[in-house]
Amino acid sequence: MLRIVNRVVTGVVGLVLVVLGGSVLAVGLGVKPPSWWIYDGRHDVLLSDARRTRWRHDGWWWPTVLAVLAVLVLLALWWLVAVLRRRRLAEVAVRTGDGEGALLRGRALEGVLATDAGDLDGVAHAHVRLAGTRTAPEARVRLGLEPHVDPGAALDHLTANALAHARDSAGLDALPTEVQLTGVKHRAERVS
């Protein structure tokens, strides 16, 4: 969701800046602007003294300006925190059966999943990253497969062994997983 919001906000801000900058450039080069546009011609200023100070002495002007600026600052801070927030899950809640529960380090579960996934013959490397919440984790797995490995067999091995083992040992009802399979480069074999 954050990735989509990031792209939409960046795209909208970029589009507005390109349109405004392009219009200023076009009018500066001599293109006649429409009658409803912000300024009239090449020698017109963007904000005249009259436009800039029109509402300055009204009682609502400064509180409105400050409120809009405060909202913009809060939105920018929210966006910055969301972008810099760690995406890796630190802990997973494990059901122990006695009603208490325990916490398992996310990196430990990632390591076990990567080791189990890499045990299949022909898997060159396996990387696992946990996301989601501690009670409902989600796994993102990248497997680097050598050319002789059947991708279906690798996916079946991952699902039946590594993911099932991790899900059962952590006491999770489900472990949604996104798997990315890639082929690794290899040297050409010499034929004699």
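Is Trp36 buried or exposed?

## A first look at one residue

Trp36 is exposed, and its relative accessible area comes to 64%. The cut-off for that label is a relative accessible area over 50%, so Trp36 earns the word "exposed" with its 64%. You will find Trp36 in the loop between helix 1 and helix 2, the latter covering residues 49-52. Try picking out Leu72 as well: Trp36 and Leu72 are 36 residues apart along the chain, and their C-alpha atoms are separated by 27 Å. Please keep in mind as you explore that this is a predicted model.

## The overall layout

Now let us step back to the whole chain. The protein contains five helices and five strands. Following the sequence from start to end, you meet them in the order α-α-α-β-β-α-β-β-α-β.

How does the protein's radius of gyration compare with that of a compact globule of 192 residues? The globule would have a value near 16 Å, but the protein has 28 Å. The C-alpha trace spans about 80 × 65 × 20 Å along its principal axes. Of the 192 residues, 21% are buried.

## Two residues to contrast

Ala114 sits in helix 4, which runs over residues 106-118. Its relative accessibility is 17%, and Ala114 counts as buried because buried means under 20%. Val128 is 14 residues away from Ala114 along the chain, and the C-alpha atoms of the two are separated by 5.7 Å.

Gly183 belongs to strand 5, made of residues 177-183. At 66% relative accessibility, Gly183 counts as exposed. Measuring along the sequence, Gly183 and Ala124 are 59 residues apart, while in space the C-alpha to C-alpha distance is 9.0 Å.

## A salt bridge

Side chains of opposite charge can pair when their charged atoms come close. How many salt bridges does a search of the whole structure find? The search finds one. Its partners are Glu91 and Arg134, and their closest N and O atoms are 2.7 Å apart. This pair links distant parts of the chain, with the two positions 43 residues apart in numbering. Glu91 is in strand 1 (residues 91-94), whereas Arg134 is in the loop between strand 3 (123-132) and strand 4.

What about their exposure to the surroundings? Glu91 is partly exposed at 29% relative accessibility, and Arg134 is partly exposed too, with a relative accessible area of 41%. Both labels follow because partly exposed covers the range between the buried limit of 20% and the exposed limit of 50%.

## A positive patch on the surface

Which residues form the positive surface patch? They are Arg3, Arg7, Arg85, Arg87, Arg105, Arg107, Arg129, Arg140 and Arg142. Two elements give two or more residues to this patch: helix 1 (2-28) and strand 4 (137-145).

Arg142 is a good one to find for yourself. This residue lies in strand 4 and is partly exposed, with a relative accessible area of 44%. Residues need over 30% relative accessible area to join a patch, so Arg142, at 44%, passes that requirement.

Technical notes: Residues are numbered from 1 along each chain as its sequence is written. This is a predicted model: local features need pLDDT of at least 70, side-chain atom pairs count only at pLDDT 80 or more; totals for chains, interfaces and linings use all residues. Side-chain values use heavy atoms; hydrogens and water are left out. Patches are made of residues with over 30% relative accessible area and no salt bridge: like charges are joined within 9 Å, nonpolar side chains (Val, Leu, Ile, Met, Phe, Trp, Tyr) within 5 Å. Accessible areas come from the Shrake-Rupley method with a 1.4 Å probe; for residues, only the protein chains shown count as cover. A salt bridge is a side-chain nitrogen of Lys or Arg within 4 Å of a carboxyl oxygen of Asp or Glu. Lys and Arg count as positive and Asp and Glu as negative; His and the chain ends are not counted. The place of a charge is taken as NZ of Lys, CZ of Arg, CG of Asp or CD of Glu. Helices (H or I, at least four residues) and strands (E, at least two) are DSSP runs, numbered from the N terminus. Buried means under 20% relative accessible area, exposed over 50%, partly exposed in between (1.4 Å probe, protein chains only). The radius of gyration is taken over C-alpha atoms; the globule rule is 2.2 Å times the number of residues to the power 0.38.
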